[in-house]
Amino acid sequence: MTTETITNTHASLYQESEDFSFPTLPPFPADIPTAPLLRLSLSSLRSSSEESGRFFTASKELGFFYLDLRNDPLGEELLSQSSRFFDLAPKFYKLGREELSKYDYKNVGSYMGYKGFGSAVVDEKGNLDRNEFYNIPKDDFFGISEKPFTHPDILYQNTDLIKSYINNSHALITLLLNHLNTHLQLPEGTLQSLHRLNEPSGDQIRIIKSPPQPPSDQHTALGKHTDFGSLTLLFNQLGGLQILPPPSLTPAGKEPEWTYVKPLRGHCIINLGDAMTKFTGGLLRSNIHRVVSPPGEQAEETRYSVVYFSRPEDEVVLKRLEGGVIPNGQDDGEAMNSKEWIKLQALRLRKVGVEKSEEERRRLWEETGRGS
Ligand SMILES: O=C(O)CCC(=O)C(=O)O
Ligand SMILES: [Fe+2]
């Protein structure tokens with residue numbers, strides 16, 4: 001059976017004797033299948049070429065993995081800062097949807113700031129999302145935006161945390177990019193030079209809130225998508241994230257099925273975005289994922305996520321890099337720069353609200369090609 005295979009594979013990836021649950025939250029159910037993410041460790045990655053090899057494998061095969069951040073100075077700082085964001089999240093959303101909607105900048109062509117609840121299409125039926133989120137731009141907080149946006153005071157009150165978290169996330173991403181650069185046999189520093197901290201980019205922290213859904217009417221909270229940028233660092237405490245594994249990781253004769261990614265305390269979930277696939281002519285994988293109601297008793301909780309999205313610098317053209325082990329081949333023709341590409345992808349499904357007809361919403365979904 002598919003489910004058994006997936007569960008077994010997963011069980012073999014970390015020692016079941018360790019307890020990675022979150023003590024103050026209802027447990028992730030023990031009896032549902034979970035996705036076969038490799039569990040890597042930051043401290044091992046720093047010293048072990050074998051761990052680095054497993055990272056490259058994960059980046060090619062699934063494009064998603066766990067990173068154990070414990071027992072590493074940078075990792076421990078990220079863990080404690082991410083929990084400060086989980087503490088901040090309920091206070092932040094207490095501002096309320098009406099107040100937060102003042103910081104929705106989609107009408108001036110930006111995806112930074114607030115995205116209101118139910119303001120994007122999530123599926124082919126034209127259903128709307130069931131979450132709200134706030135994108136905190138690196139460039140505004142680093143003072144390098146041409147025209148910074150205004151953000152809620154509570155964020156300015158946390159400027160030190162925000163800046164330090166960006167610095168640390170970026171440091172981790174740089175380390176990961178350097179490993180990929182080595183495996184790809186690109187000239188030293190190639191990937192790093194496309195992601196410099198102090199150059200304008202779409203890097204952002206995102207804080208997501210999904211309230212519990214009525215048991216009789218549950219649907220996708222965040223529609224299926226791939227991330228648009230380079231690497232995403234994701235902290236989850238409750239389940240809800242699902243991936244659709246590639247056929248190569250699906251038992252022979254079975255169709256890939258949406259599978260939960262179980263959050264593990266002490267770890268973040270890392271995934272690769274479309275930019276990495278484009279840079280490497282498809283060698284690295286940006287895997288499709290979505291968010292649904294948390295499983296079991298967890299469904300009654302409000303779910304928050306803390307995410308850091310790294311993106312190539314604004315002016316970087318998203319096309320195959322030449323050299324190393326990057327396969328030769330045709331580019332897909334869309335040689336846009338990072339800024340244009342991300343804006344196009346991020347705002348595409350947000351041209352609507354409930355006032356739009358179901359048919360218009362369905363058409364928008366179709367235009368993205370995500371149904372196929
Ligand atoms: O909330 C999550 O677990 C995932 C969020 C996500 O995929 C995204 O914001 O791109
Ligand atoms: Fe995502």
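A residue is called buried here if 20 or more other C-beta atoms lie within 10 Å of its own, exposed if 12 or fewer do, and partly exposed in between, with C-beta atoms placed from the backbone. This is a predicted model, where local features need pLDDT of at least 70, side-chain atom pairs count only at pLDDT 80 or more, and totals for chains, interfaces and linings use all residues. Residues are numbered from 1 along each chain as its sequence is written, while chains are lettered from A and ligands numbered from 1 in the order in which they are written.

**View 1. The whole protein chain.** Let's start with the big picture: twelve helices and twelve strands. Helices (H or I, at least four residues) and strands (E, at least two) are DSSP runs, numbered from the N terminus. The C-alpha atoms fill a box of roughly 50 × 50 × 40 Å along the principal axes. The radius of gyration is 20 Å, which agrees with the value near 21 Å for a compact globule of 372 residues; it is taken over C-alpha atoms, and the globule rule is 2.2 Å times the number of residues to the power 0.38. Buried residues make up 40% of the 372. Of the contacts with a separation of 6 or more, 76% link residues 24 or more positions apart, a contact being two residues whose C-beta atoms, placed from the backbone, lie within 7 Å.

**View 2. Helix H3 and its two sides.** Take a look at residues 49-61, the 13 residues of H3. The end C-alpha atoms of H3 are 18 Å apart, in agreement with the 18 Å expected at 1.5 Å a residue; that expected span is 1.5 Å times one less than the number of residues. Ser-52, Phe-55, Ala-58 and Ser-59 are the buried ones. They sit on the same side of H3, because they cover an arc of only 115 degrees around the axis, counted from the directions from the helix axis to the C-beta atoms. An α-helix has 3.6 residues a turn, so residues three or four places apart point the same way. Over on the other side of H3, Ser-49, Glu-50 and Gly-53 are exposed. The cover over the buried residues of H3 includes strand E1 (38-41), helix H2 (42-47) and strand E2 (64-68). Just after H3 comes Gly-63, with a positive phi of about 75 degrees.

**View 3. Helix H8 and what follows.** H8 runs over residues 159-184 and helps cover the buried residues of H3. Its 26 residues reach 36 Å from first C-alpha to last, close to the 38 Å expected. Among the buried residues of H8 are Tyr-165, His-170, Leu-176 and Leu-184. Next up is Gln-185, which has a positive phi of about 55 degrees although it is not a glycine. Gln-185 lies in the loop between H8 and helix H9 (190-193) and counts as exposed, with 11 C-beta neighbours inside 10 Å.

**View 4. Asn-71 in its loop.** Here's another residue other than glycine with a positive phi: Asn-71, near 60 degrees. You'll find Asn-71 in the loop between E2 and helix H4 (73-93). Asn-71 counts as exposed because it has 12 C-beta neighbours inside 10 Å.

**View 5. A four-stranded open sheet.** The strands go in the order E6-E11-E8-E9, with antiparallel pairing. E6 (222-225) and E9 (259-260) stand at the edges with a single partner strand each, so one side of each has no neighbour in the sheet. Strands pair if DSSP finds at least two bridges between them; E8 (241-243) and E9 have two. Here Ile-243 stands opposite Thr-259 in E9.
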